[in-house]
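Below is a short report on a structure, its domains and its ligand surroundings. Look through the sequence and the model before reading on.

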Amino acid sequence: MTTKVFIDGGHGTTGIEIAERLAGRPELSLIALDIEDRRNAAARRDALNAADVVILCLPDDAARESVALIDNDHTRVIDASTAHRVADGWTYGFPELEPGHRERLAASRYVANPGCWPTGFLALMRPLVLAGLIPADWPVTVSGASGYSGGGKTMIADYEASAAQPSAFRPYGLNLTHKHVPEMTRYSGLTHPPLFAPAVANAYRGMIVEVPLQLRAMPGAPSLADIHDVLASAYAGSPIVTLEDSAAMSGVPLEYVGASDRLALFLFGNPDTGQARLVAALDNLGKGAAGAAVQNLNILAGLPETAGLRL
Ligand SMILES: NC(=O)C1=CN([C@@H]2O[C@H](COP(=O)(O)OP(=O)(O)OC[C@H]3O[C@@H](n4cnc5c(N)ncnc54)[C@H](OP(=O)(O)O)[C@@H]3O)[C@@H](O)[C@H]2O)C=CC1
Ligand SMILES: CC(=O)N[C@@H](CCC(=O)OP(=O)(O)O)C(=O)O
């Protein structure tokens, strides 16, 4: 039996990436709308209700509208937008979050795909908070740079317009109310929001997420080896999330994982000063969006978790 999948917003940046990963998979059948029907509510209602699993690749308001258009009791939903990431009744779509989370996801009807920034942040932070190496009330900072496709069609057009002279590096979110902070706080287990300092770079895709830590000031002054051991054990055997050999690196390029669904983690530090820089490298359109959606679809449908992924 095939799983019927509908991508609402399938003609947008994330939707196209997901469709590419699902193409040629005989265990799935795709319900597709013509491009001119992409905003036709009646056509979307029919497709949403005909599907076993829908993947929403829409702005937040349109994603809420899609959920309201589902009037049966079985269609399952993976929402790539921010609309439901901390909403009641939704499961956060980061299978690697903690032991047992993958099983919770498999049993869920409503799954909220993580934001791209929180994906890197939580991969670094959640195991360390769970292990007690970072106290829940520790003041954490997270910064980094993202490719401009993170801003969808509008930002891509801004960067690629013939008259555009885009900035090489542009910090944003300067009022410290970025929409990703609630999910970073909730799922890391921190009691206070991290200070989030994102930037956009003049590159299409790829991102670096960094958490600097003053280990010597933390309770118990964890060592670099303590941090390394917890991260290595959290992702041992994962085909998607890897702790890389940082000793070999003099820098981490934005493009480190390429156009893939991998998430690479690094631990840099100076044992003499008790300081560390934790870094995650991913593709904002890969594990940061489409790769995560396809991974979640596989989990919901009981299929091999990495089927269709670019690893
Ligand atoms: N880009 C990224 O790196 C990431 C994106 N996301 C999230 O995924 C979602 C999609 O983002 P992205 O693909 O980048 O966005 P895009 O702007 O590239 O695509 C959005 C798509 O949704 C369609 N759309 C917009 N409004 C409606 C509506 N009211 N009804 C039906 N269709 C509509 C658009 O149609 P039209 O062509 O007419 O505009 C377009 O095809 C967003 O919530 C985004 O925040 C999540 C993680 C990473
Ligand atoms: C460069 C850029 O603007 N990036 C987006 C995040 C992209 C993403 O993760 O998508 P969601 O909007 O679904 O969370 C931003 O910071 O808002």
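In which sense do S7 and strand S11 (residues 207–214) pair, and over how many bridges? They pair in the antiparallel sense, over 4 bridges. Two strands count as paired if DSSP finds at least two bridges between them. In S11, Met207 is the bridge partner of Ser146. S7 (residues 141–146) also joins strand S9 (residues 195–197). That pair runs parallel, with 3 bridges. Val142 stands opposite Phe196 in S9. Helices (H or I, at least four residues) and strands (E, at least two) are DSSP runs, numbered from the N terminus.

The model is predicted; local features need pLDDT of at least 70, side-chain atom pairs count only at pLDDT 80 or more, and totals for chains, interfaces and linings use all residues. Residues are numbered from 1 along each chain as its sequence is written, while chains are lettered from A and ligands numbered from 1 in the order in which they are written.

**Domains.** The protein chain is assigned domain 1 (3–114 + 288–301) and domain 2 (116–285). These bounds come from an automatic or database domain assignment. The C-alpha centres of the two domains lie 25 Å apart. Their contact takes 18 residues from domain 1 and 24 residues from domain 2. Contact here puts C-beta atoms, placed from the backbone, within 7 Å. On the side of domain 1 that touches domain 2, H1 and H9 each supply at least two residues. H9 gives the most, with 5 residues. That side divides into 8 nonpolar, 6 polar and 4 charged residues.

**Ligands.** A residue belongs to a ligand's surroundings if its C-beta atom, placed from the backbone, lies within 6 Å of the ligand. The table sets out both shells.

| Ligand | Residues around it | Closest residues | Classes |
|---|---|---|---|
| Ligand 1 | 26 residues | Gly12, Thr13, Thr14, Ser81 and Gly152 | 8 nonpolar, 14 polar, 4 charged |
| Ligand 2 | 13 residues | Gly115, Cys116, Ser146, Gly150 and Gly151 | 5 nonpolar, 8 polar, no charged |

Ala, Val, Leu, Ile, Met, Phe, Trp, Tyr, Cys and Pro count as nonpolar, Asp, Glu, Lys and Arg as charged, and the others, Gly among them, as polar.

H1 provides the largest share of the shell around ligand 1, 3 residues. Why does ligand 1 lie between domain 1 and domain 2? Both domains give residues to the shell around ligand 1, so ligand 1 lies between them. Ligand 2 also lies between domain 1 and domain 2, because both give residues to the shell around ligand 2.

Notes:
Contact = placed C-beta atoms within 7 Å.
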